[in-house]
Amino acid sequence: MSLLQIKQASILFGQPPLLDQAEFVLHEKERVCVVGRNGSGKSTMLQVLSGEVKLDEGQRIGANHVNIARLAQDPPTNNDISLFDYVAEGLAEDAYAIKAYNAQIHKIAEDSSDTALAELQRLQEILDANNGWQTEQRINNVLSQLGLDAEMSLQGLSGGWRRKAALARALVSQPDILLLDEPTNHLDIDMVKWLEKTLLSFQGAIVFISHDRAFIRSMATRIVDIDRGSVTSYPGNYEKYLEQKAIDLEIQETHAREFDKKLAKEEVWIRQGIKARRTRNEGRVRALEALRLEFKARRNQLGNANIVSSVGVKSGKRVFELKNVNYQYGDKPVIQNLDVLINRGDKVAFIGPNGCGKTTLIKLLIGQLEAQSGEVFQGANLEIAYFDQHRNQLDLNKSLIDEIADGKREIEVNGSPRHVISYLQDYLFSPERANAPVSTLSGGEKNRLMLAKLMLKPSNLLILDEPTNDLDVETLELLESLLVDYKGTLLLVSHDREFIDNVVTSSLFFEGNGKISQFVGGYEDVQQWYASQRSAAEKTSSGSVMKQRLNAPPSAGKSTDSATKVSAKKLSYKEQQELLALPKQLETLEETLELLQQEVSQTDFYSRDTSKTQPIIDKLAQTERKLDTTFARWEVLESLQNNQ
């Protein structure tokens with residue numbers, strides 16, 4: 001069933017149109033990823049679907065009573081408001097009464113006057129009349145499912161947790177359609193995985209924009225591509241989209257070459273002089289004019305960025321070495337007993353959740369912080385280029401040209417002079433945009449400008465803190481190529497799993513409580529190692545525990561239960577059959593116990609509704625008790641048999 005569609009839709013923010021006669025249909029339970037270059041109109045399309053932006057031409061048609069919620073690209077601002085009140089605002093019609101009632105309850109704790117109690121009763125009557133108690137329960141359920149504290153203030157939360165709060169606000173309205181603009185930005189890898197699980201269980205339709213290729217592969221059932229105003233649907237997964245898009249572009253290029261060849265031929269004909277004018281027919285002239293108009297209207301594909309780093313002098317072979325380094329904030333250990341050696345040419349990823357100490361370690365390495373104990377060695381001739389994820393190095397009040405060249409019109413790139421506008425074109429900024437304020441750029445454009453500024457500086461050590469946020473996939477892949485070929489040393493902080501795997505040679509994995517482990521390879525290599533360790537431990541546990549129990553001497557475990565006491569009598573036939581069956585029962589119980597333990601140990605288990613988790617917890621406890629009782633019974637019968 002169709003939930004929402006746009007027909008012959010055009011958006012005109014100047015020329016050329018951002019959307020040009022676009023067609024799009026969304027069906028129930030689809031998960032559609034919208035892709036395209038930075039500035040192609042992806043966010044605008046989501047705003048059209050939500051009804052926030054009106055079409056200049058065409059129609060937006062929605063099914064009756066379809067509820068739509070949109071998660072904006074940037075996390076909510078750092079307001080001093082409780083998470084309960086912030087999420088309640090997602091229910092516009094009930095938000096006032098619910099927030100007022102919640103605030104009044106807190107007020108009565110300090111002021112229990114008759115006036116305060118009367119106001120509480122008035123708000124209670126409003127909620128009774130509007131069925132507001134169910135709404136309040138819905139808010140608390142969503143907060144619980146996402147692991148959020150209702151009383152916590154939005155102020156002071158990290159970007160990732162504010163993004164989580166924004167998702168709760170979108171989900172609380174129980175939307176039929178969920179619109180997500182770069183939902184993985186500001187989230188660490190664990191949160192991205194949590195988001196994937198949450199969205200995969202969502203029963204409505206999802207339209208999302210993302211640059212995270214692993215996230216797209218996991219989520220998308222269809223890809224919609226925005227390219228030069230056209231909206232094209234590609235059924236299937238991301239891999240099928242990449243294959244078909246390459247074919248489509250090749251066909252477009254073939255048609256364009258044939259068109260250009262025909263136009264050139266007609267232009268030669270019209271310029272042949274008197275002889276041509278005698279034989280010229282009016283139909284051919286009109287056809288040529290139509291070709292000229294078509295050529296003028298044609299929108300060529302935007303080229304790729306040309307990212308080239310400025311090469312610095314060669315650093316020493318040993319870039320950094322840490323010996324038994326420790327650092328903590330108050331009582332919280334961030335780095336404990338760390339020994340690390342980073343050599344010239346190493347490309348190292350820092351992997352771990354937000355707030356685990358990745359930035360602290362970088363500051364220790366480059367000397368912005370001093371280790372509280374241990375030694376930090378910094379190599380010779382280091383020329384550092386640092387990409388800051390918050391873009392603090394950009395002056396929003398400057399124009400692009402002044403931000404890059406500081407008022408000059410020529411810059412030096414790898415020892416050669418370049419005009420600043422030509423250099424900006426390498427990063428896909430047109431000459432018309434050169435004098436625009438930095439503040440007018442989109443998130444992806446600001447990141448491209450940051451890269452343009454960073455790569456001007458000669459370096460032999462690149463430190464990149466979340467460089468992939470908001471970049472389109474094409475620019476992302478070019479940045480990957482640059483980093484793979486970079487001759488210096490790279491320290492990369494990123495939550496983009498595929499980007500890490502494609503670039504780095506080793507990883508520092510922040511396990512928590514200050515423990516940091518070093519691995520060869522990227523994120524998948526780290527995960528495979530931990531998976532193999534868990535698998536080995538589980539096999540050892542399920543195999544050896546059974547053997548230990550079966551091979552244990554009769555005195556290894558004794559029960560005071562009267563049903564398990566050792567008797568001097570011989571085994572009856574029934575007891576002999578029971579003894580033969582017990583090893584299989586023990587094995588089955590251990591397998592059940594292992595599955596239940598795996599379920600309970602999942603990161604999102606305790607954020608689920610208690611009606612779903614409590615039966616599993618009860619079954620786990622029951623299985624553990626039954627396993628102990630069965631094993632004790634086996635010991636008794638085995639002892640009786642040995643004493644016969």
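**Exercise 1. Place Phe509 in the fold of this predicted model and decide whether it is buried or exposed.**

Solution, step by step:

- Start with the secondary structure: Phe509 belongs to strand S19, which spans residues 506-512.
- Next, check the accessibility. The relative accessible area of Phe509 is 15%. The cut-off for buried is under 20%, so Phe509 is buried.
- Now list its partners. Leaving out residues up to four places away in sequence, Phe509 touches Ile351, Lys515, Ile516, Ser517, Phe519, Val526, Gln527 and Tyr530.
- Finally, take one of these partners, Val526. Phe509 and Val526 are 17 residues apart along the chain, and their C-alpha atoms are separated by 7.7 Å.

**Exercise 2. Find the element that holds Arg497, and work out which side chain makes a polar contact with the side chain of Arg497.**

Solution, step by step:

- Arg497 sits in helix H17, residues 497-503.
- With a relative accessibility of 8%, Arg497 counts as buried, because buried means under 20%.
- The polar partner is Glu196: the two side chains come to 2.7 Å.
- Glu196 also appears in the contact list of Arg497, together with Ile189, Val192, Lys193, Asp212, Ala214, Phe215 and Tyr523, when residues up to four places away in sequence are not counted.

**Exercise 3. Search the whole structure for cavities of 30 Å³ or more, and say which residues line the largest cavity.**

Solution, step by step:

- The search returns 2 cavities of that size.
- The largest cavity holds about 90 Å³ of space.
- Its lining includes Thr184, Asn185, His186, Leu187, Val192 and His211. Asp212, Glu466, Thr468, Asn469, His495 and Asp496 are also among the lining residues.
- Compare this with the previous exercise: Val192 and Asp212 are among the residues that Arg497 touches, and both are also found in the cavity lining.

**Exercise 4. UniProt has a "binding site" annotation (unreviewed entry) that includes Gly36 and Gly41; locate these two glycines and describe their surroundings.**

Solution, step by step:

- Begin with the record. The unreviewed UniProt entry lists Gly36, Arg37, Asn38, Gly39, Ser40, Gly41, Lys42 and Ser43 under "binding site".
- Gly36 is in the loop that runs between strand S3 (31-35) and H1. Gly41 lies in the loop between S3 and H1 as well.
- Both glycines pass the test for buried: Gly36 has a relative accessibility of 17%, and Gly41 has a relative accessible area of 6%.
- Setting aside neighbours within four places in sequence, Gly36 contacts Lys42, Ile226 and Asp472. On the same basis, Gly41 touches Leu18 and Ile226.
- Follow the chain into helix H1, residues 42-50, where 7 of the 9 residues are buried. Lys42, one of the annotated residues, is among the buried residues of H1. Just after H1, Gly51 adopts a positive phi of about 90 degrees.

**Exercise 5. A second "binding site" listing in the unreviewed UniProt entry includes Cys356 and Gly357; find what they touch.**

Solution, step by step:

- The entry names Gly352, Pro353, Asn354, Gly355, Cys356, Gly357, Lys358 and Thr359.
- Cys356 is in the loop between strand S12 (347-351) and helix H12 (358-366), and Gly357 lies in the loop between S12 and H12 too.
- Cys356 is buried at 16% relative accessibility, and Gly357 is buried with a relative accessible area of 7%.
- Beyond four places in sequence, Cys356 is in contact with Val334 and Phe510. Gly357 likewise touches Val334 and Phe510.

**Exercise 6. Describe the protein as a whole, and pick out where pLDDT stays under 50.**

Solution, step by step:

- Count the elements: there are 20 helices and 20 strands.
- Look at burial: 45% of the 644 residues count as buried.
- Look at contact range: among contacts between residues at least 6 apart in sequence, 69% join residues at least 24 apart.
- Check the confidence: mean pLDDT is 80, and 82% of the residues reach 70 or more.
- The stretch to flag is residues 552-569, where pLDDT stays under 50 and the model has 22 contacts beyond four places in sequence. Predicted coordinates should not be read in detail where pLDDT is low.

Conventions: Residues numbered from 1 in each chain as written. Heavy atoms only, no water. UniProt positions renumbered as here; feature names shortened; annotations may be inferred. Helix = DSSP H or I, 4+ residues; strand = E, 2+ residues; numbered from the N terminus. Buried < 20%, exposed > 50% of the residue type's maximum accessible area, 1.4 Å probe, protein only. Contact = heavy atoms within 4.5 Å. pLDDT = per-residue confidence, 0-100. Polar contact = N/O pair within 3.5 Å; in protein donor to acceptor, adjacent residues only side chain to side chain. 1 Å grid on protein atoms, 1.4 Å probe; cavity = no way out; pocket = protein on both sides within 12 Å on 5 of 7 lines; lining within 4 Å. Points joined across faces, edges and corners; volume = space filled by probe spheres on them.
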